[in-house]
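Thank you all for coming. I would like to walk you through one structure this afternoon, going from single residues to the chain and then to its pockets.

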Amino acid sequence: MTQTNAERDAAQIAGSPKGGLHSLWDRKLDHYPLPAARYRYLAITVLATVILYYQLYIQGAVATKIITSFGMTFTQFVVVSIVGNLLGAFASLAAGLADRWGRANLVVIGLFITGLLVLFALPHAPNTLWYIIFFAVLSIVEGMILVATPALIRDFSPQVGRAQAMGFWTMGPVLGSLVVTMVSSNTLDSHPDWRFQFYVCGIAGLVVAVIALVGLRELSPGLRDQLMVSLNERALIEARAGGLDTETALHGHWRQMMRFDIVGPAIAISLFLMFYYIAVGFFVVYFATTFGYSEARANALANWYWIANAIALIVAGVVSDKIRVRKPLMAIGTVISVIGTAIFAMLSTRPDTGYYTFALVLVVIAVGGGIAYCAWMASFTETVERHNPAATATGLAIWGWTVRITVTLALIVLTFVVPATSTLVDQGTRVSHIVAEYPEQVATASAVEPATLSALAANPRDARAGVAAVGQLMGAGLAATPREAAARLQQLSTDPIPPGDQAFLAEHAADVEQAQSDNPGQWKIWWWICVVAQILFVPFIFVLSGRWNPRRAREDALAHESMIQRELAALHHD
């Protein structure tokens, strides 16, 4: 019995047109879904993106605890991210095969793998090497899925409405980051073990994997390989699909995507996002080492950034689709972000900056970044479609590779620009603990010259060394009278700093003190590098597809709609 259009549409609203267990691996839709089903597929794709970024970014929320737990240096922790991004970059290139193999199964299988890695493998890694290996596998899977998900968004989103759809997809990393900071800032005090954060994240990931297994579908190649400007073209797209040679459409797809207006903007947006990626991975470390924030407080501050960014993405998507242009929003967003990032850089060396001042500046950066990035994602996918809509995943694979390679290089450069942070993370924590446990003794030992201390340690009755020590303590303002100075020396003798801690202080205290002085200035240089990177984004706005003038964009849309109506009329006449 032949299935009618009404029956077929009803099946698509309820789920896959294919039933039973068969639908768990054959996810292709042979007809473009009606709005209810289309929104459901879009929602599941966005949800998958959110959980993937939650899983990828969770380690940043407990970075200092992970470093301490595994006995890592800060540089080793950065290497974890470097290795992950490098392998994720080439996994993104491999995901270009999604144009041939499809997207949905890649997402579903990947979600189960990442959920298991976060729930079981990473929190139970026996040592640093295994942690790096598990994170590398997570990054490889993530690199593939996060090419497939924007491809799915594009497939289910005509160009009229593309900015809103991409705005929701871009909320994936933003909401993923927000979930990280919201959960961690509200649970770290009651659950200080860093593994608890991974358990929560892993369970959430497996729940979303089950949802995607049951509910996620994708368009058949004949449907997704065409350009759709508006939903009015649904019947025309379906009519063309039967006669479309999908293999021919994909012939030479890598060569078609290796163009200046695709590779150039991909590099440009990667530079623009340098501030964002360092914020994701190192905001906690930055605010802890520069301003003395706790992990919970630093994560709470980051919430301002993520919430503002999420709102900006949605508003920018609505506005861009309303006025039918992308480029002006990219330019406006970049100006706002550059101003905010420049102010943020200048605040690096102002230790008296208040919490809410930082919050306000981060909101400005987030709003500018959200406006620019949402418009860019829409314009970039439209630029890819201009060359070959069948190679959408290939174009997005180039973007994914470029972003991750840029982040890898940025992380390498970061270790050279802010070496003081490594010292503060690697040695500063223990120095702080020793100082907190023996504050008077450390102050006394710091005020007395090492040679004098050595003489007193060898002979506590050395009168000459004793007089010198008293004079040095009074000169440093730690004692008002010789009696007070003698009492301090007596305390140092009767309740001494343990030898191991003394040796650690002798070796590292001066370096830590110097690092505390250098750290703000070094981070200031890094944030200015991010400002320059954002400015470099501007020229590449001009090479992307789309108009600057809303009136001209509307004229283009009307002309295209007239052409579609003529083709539909001819189709019905035939």
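Before the first residue, one term is needed: helices here are DSSP runs of H or I with at least four residues, and they are numbered from the N terminus. With that in hand, we can place L236, which lies in helix α11, a helix made of residues 234-241. Please keep in mind throughout that what you see is a predicted model.

Let us stay with L236 for a moment. Is L236 buried or exposed? The cut-off for buried is under 20% relative accessible area, and L236 has a relative accessibility of 5%, so L236 counts as buried. If you now look for E567, you will find that 331 residues separate L236 from E567 in the sequence, while in space the two C-alpha atoms are 7.6 Å apart.

Now let us step back to the chain. It contains 26 helices and two strands, and its C-alpha trace spans about 115 × 50 × 35 Å along the principal axes. Of its 574 residues, 55% count as buried. When we take the contacts in the chain with a separation of 6 or more, 83% of them are accounted for by residues 24 or more positions apart.

Two residues towards the start of the tour can be taken together, since each belongs to a helix that I would like you to find on the screen. T45 lies in helix α2, which runs over residues 35-61, and with a relative accessibility of 1% T45 counts as buried. Which residues does T45 touch, once we leave aside its neighbours within four places in sequence? They are T149, L152, I153 and L216. G215, in turn, is found in helix α9, residues 195-215, and G215 also counts as buried, because its relative accessibility is 16%. Leaving aside the neighbours within four places in sequence, G215 is in contact with Y41 and I44. The C-alpha atoms of G215 and R27 are separated by 9.3 Å, although these residues are 188 positions apart along the chain.

Next, please look at a pair of helices, α16, which covers residues 295-323, and α18, which covers residues 355-387. Their axes come within 7 Å and cross at roughly 30°, and the crossing in which α16 passes α18 is right-handed. The residues of this contact comprise 19 nonpolar, four polar and one charged.

In the loop between α16 and α17, the latter being residues 327-347, we meet R324. Most residues other than glycine have a negative phi. R324, however, is not a glycine and has a positive phi of about 70°. With a relative accessibility of 35%, R324 counts as partly exposed.

Let me turn to the pockets. How much space lies in the largest pocket? About 990 Å³. Its lining is made of 29 residues, and those nearest its centre are A445, V448, L453, L492 and Q502. Six helices, namely α20 (419-437), α21 (439-447), α22 (450-458), α23 (463-475), α24 (482-494) and α25 (499-537), each supply at least two residues of that lining, and the largest share, seven residues, comes from α25. Sorted by class, the lining has 20 nonpolar, eight polar and one charged residues.

One of those helices deserves a closer look, for R488 has its place in α24. R488 counts as buried because its relative accessibility is 15%. Beyond its neighbours within four places in sequence, R488 is in contact with E440, A443, T444, L473 and L478.

The second largest pocket holds about 590 Å³ of space. It is lined by 25 residues, with T64, L424, V425, G428 and T429 lying nearest its centre. The elements giving two or more residues to this lining are α3 (63-70), α15 (274-291), α20 and α25. Which of these elements gives the most to the lining of the second largest pocket? The answer is α20, with eight residues. By class, this lining divides into nine nonpolar, twelve polar and four charged residues.

If you would like a place to begin looking on your own, I suggest helix α20, which supplies at least two residues to the lining of the largest pocket and eight to that of the second largest.

Definitions and conventions
Residues numbered from 1 in each chain as written. Predicted model: local features only at pLDDT ≥ 70, side-chain atom pairs only at ≥ 80, totals over all residues. Heavy atoms only, no water. 1 Å grid on protein atoms, 1.4 Å probe; cavity = no way out; pocket = protein on both sides within 12 Å on 5 of 7 lines; lining within 4 Å. Points joined across faces, edges and corners; volume = space filled by probe spheres on them. Nonpolar A, V, L, I, M, F, W, Y, C, P; charged D, E, K, R; others polar. Buried < 20%, exposed > 50% of the residue type's maximum accessible area, 1.4 Å probe, protein only. Axes fitted to C-alpha atoms, helices over the stretch in contact; angles between N-to-C directions. Left-handed = near helix turned anticlockwise from the far one by under 90°. Contact = heavy atoms within 4.5 Å.
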